[in-house]
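Visitor: I am new to this structure. Please take one part and show me closely how it sits among its surroundings.

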Amino acid sequence: MAFFLAIDVGGTKTDYVLADDINILARTRTGTIKRMRTDAQTAATNLDQALVELTSIANVAMSAITRTCVGTAGETVSLVTDWLRESITTRVSGKLILVGDVEIALDAAFHGGIGVLAMAGTGSNVAGRKPDGTLITAGGWGPALADQGSGHRIGLEALRAAFLAKDEGSPTRLLDAILKFWNLDSLDDLVAFANSHPAPDFSRLTELILHHANTGDPIAASVLHREGADLGWLVRLVLRQLPQDPPPRIAFTGSILEKVQPVRDALIASVQSEFPTITAIEGVVDPIAGALWRARSG
């Protein structure tokens, strides 16, 4: 019997599934094993914990695995990919397939078919697949260069917009709310904290910003709309390279597109301003389902 391992490496967590040809036998989650987000020792500890748990639940040894598919953000970064290749191949038998996290999410939605996938969590990315299987991507260049619509960008841009509102004398409750959230005493403390190295995790502000947008804060609402529209622009860039007869569908994944409805709504509105017949799949796809499909398909 063949056994397959699927791994979805996120910025804060990693999901694992062990399956045979038909059934999922075990599933678990650990902290991240992405080397841009954690040190090598912590990543190794998390990976070992997961493999032990999967083996215990499924009663399948890692030496019995036929193929493993790993989807990860930062698949073009050698620090990430080199560590994953070495660490997984020394622990798990069989062939290793290493692809981007947006690609496994695309496979979860379309199983190798035509479509567009927008991903927004801590970071963001957009990918589409042509009829010949060629992948097209937009965005995904990391927090300093892209990540439109991501939790990182939402938090950072909300801070920037709140300070600009202060300079303009425009009303917003965001500064006081962020001070309270981060347990800071003054704006000087907030300025120092926001500009510290390493930088704080701006994505943690997303839920707070959504709350204030939903309760009428115009600055918070404008940030969410702008980030959704910016991510929608990337979707449009990908759609322009795909055949439109029939119109391809858009699928979503990631915590922002699952839970932050204003971003999702602004993305769809942006796309439909250029492609009015495009429709979006309800809900979000589970990327690890795409990793499992690819591991099984080879």
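Guide: What follows starts from one helix and moves outward to the strands, loops and rings. Keep in mind that this is a predicted model.

Start with helix α10, residues 261–274. How far apart should its ends be? The helix has 14 residues, and at 1.5 Å a residue they should span 20 Å. The end C-alpha atoms are 21 Å apart, which agrees.

Now look at which residues of α10 are hidden. Val263, Arg264, Ala266, Leu267, Ser270 and Val271 are buried. Viewed down the helix axis, the buried residues of α10 fall within an arc of 165 degrees, so they line one face of the helix. What does that face meet? The buried residues of α10 pack against two strands, β6 (115–120) and β9 (250–253). They also pack against the helices α4 (151–168), α8 (218–239) and α9 (255–259).

Follow the contact to β6. Is this strand buried or exposed? In β6, 6 of the 6 residues are buried, so the strand is largely enclosed by the rest of the structure. In a regular strand, side chains alternate between the two faces of the sheet. Both faces of β6 are covered. Gly115, Leu117 and Met119 are buried on one side. Val116, Ala118 and Ala120 are buried on the other.

Next, the partners of β6. Strands of a sheet pair through backbone hydrogen bonds, either parallel or antiparallel. Strand β7, residues 124–129, pairs with β6 in the antiparallel sense over 6 bridges. The two strands form a hairpin, with 3 residues between them. Within this pairing, Ala118 stands opposite Val126 of β7. β9 pairs with β6 too, in the parallel sense, over 4 bridges. Here Val116 has Ile250 in β9 as its bridge partner.

Ile250 leads on to Ile278. Where is Ile278? It is found in the loop between α10 and α11 (287–297). Its relative accessible area is 1%, so Ile278 counts as buried. Ile278 and Ile250 are 28 residues apart along the chain, yet their C-alpha atoms are separated by 7.5 Å. Leaving aside residues up to four places away in sequence, Ile278 touches Leu239, Gln244, Pro247, Pro248, Ile250, Val271 and Gln272. One of these, Val271, is among the buried residues of α10.

Turn now to another sheet. It is open and has 5 strands, in the order β3-β2-β1-β4-β5, with mixed pairing. β3 (24–31) and β5 (95–100) stand at the edges, each with a single partner strand, so one side of each is left without a neighbour in the sheet. Neighbouring strands here are turned by 15 degrees against each other on average, direction ignored. Strand β2, residues 13–19, pairs with β3 in the antiparallel sense over 7 bridges. Asp15 has Arg29 in β3 as its bridge partner.

Helices meet this sheet. Helix α2, residues 78–89, packs on it and touches β1 (3–9), β4 (65–72) and β5. The direction of α2 makes about 155 degrees with that of β5. Helix α3, residues 101–110, lies across β1, β4 and β5. It runs at about 95 degrees to β5.

Last come the aromatic rings. A pair of aromatic rings is described by the distance of the centres and the angle of the planes. How many aromatic pairs are there? The count comes to 3. In one of them, the rings of Trp182 and Phe193 have their centres 4.8 Å apart and their planes at 70 degrees, so the pair is edge-to-face. Trp182 lies in the loop between α5 (174–181) and α6 (187–194), and Phe193 lies in helix α6, so the pair ties together parts that are 11 residues apart in sequence. Trp182 is buried, with a relative accessible area of 10%. Phe193 is partly exposed, at 30%.

Trp182 also pairs with Phe202, again edge-to-face, at 6.4 Å centre to centre and with 65 degrees between the planes. This pair links distant parts of the chain, 20 residues apart. Phe202 sits in the loop between α6 and α7 (206–214). At 4% relative accessibility, Phe202 counts as buried. Phe181, Trp182, Phe193 and Phe202 form one aromatic cluster.

Conventions. Residues numbered from 1 in each chain as written. Predicted model: local features only at pLDDT ≥ 70, side-chain atom pairs only at ≥ 80, totals over all residues. Heavy atoms only, no water. Expected span 1.5 Å × (residues − 1). Buried < 20%, exposed > 50% of the residue type's maximum accessible area, 1.4 Å probe, protein only. Arc of directions from axis to C-beta. Contact = heavy atoms within 4.5 Å. Pairing = 2+ DSSP bridges. Axes fitted to C-alpha atoms, helices over the stretch in contact; angles between N-to-C directions. Phe/Tyr/Trp six-rings, centres within 6.5 Å; stacked < 30°, edge-to-face > 60°.
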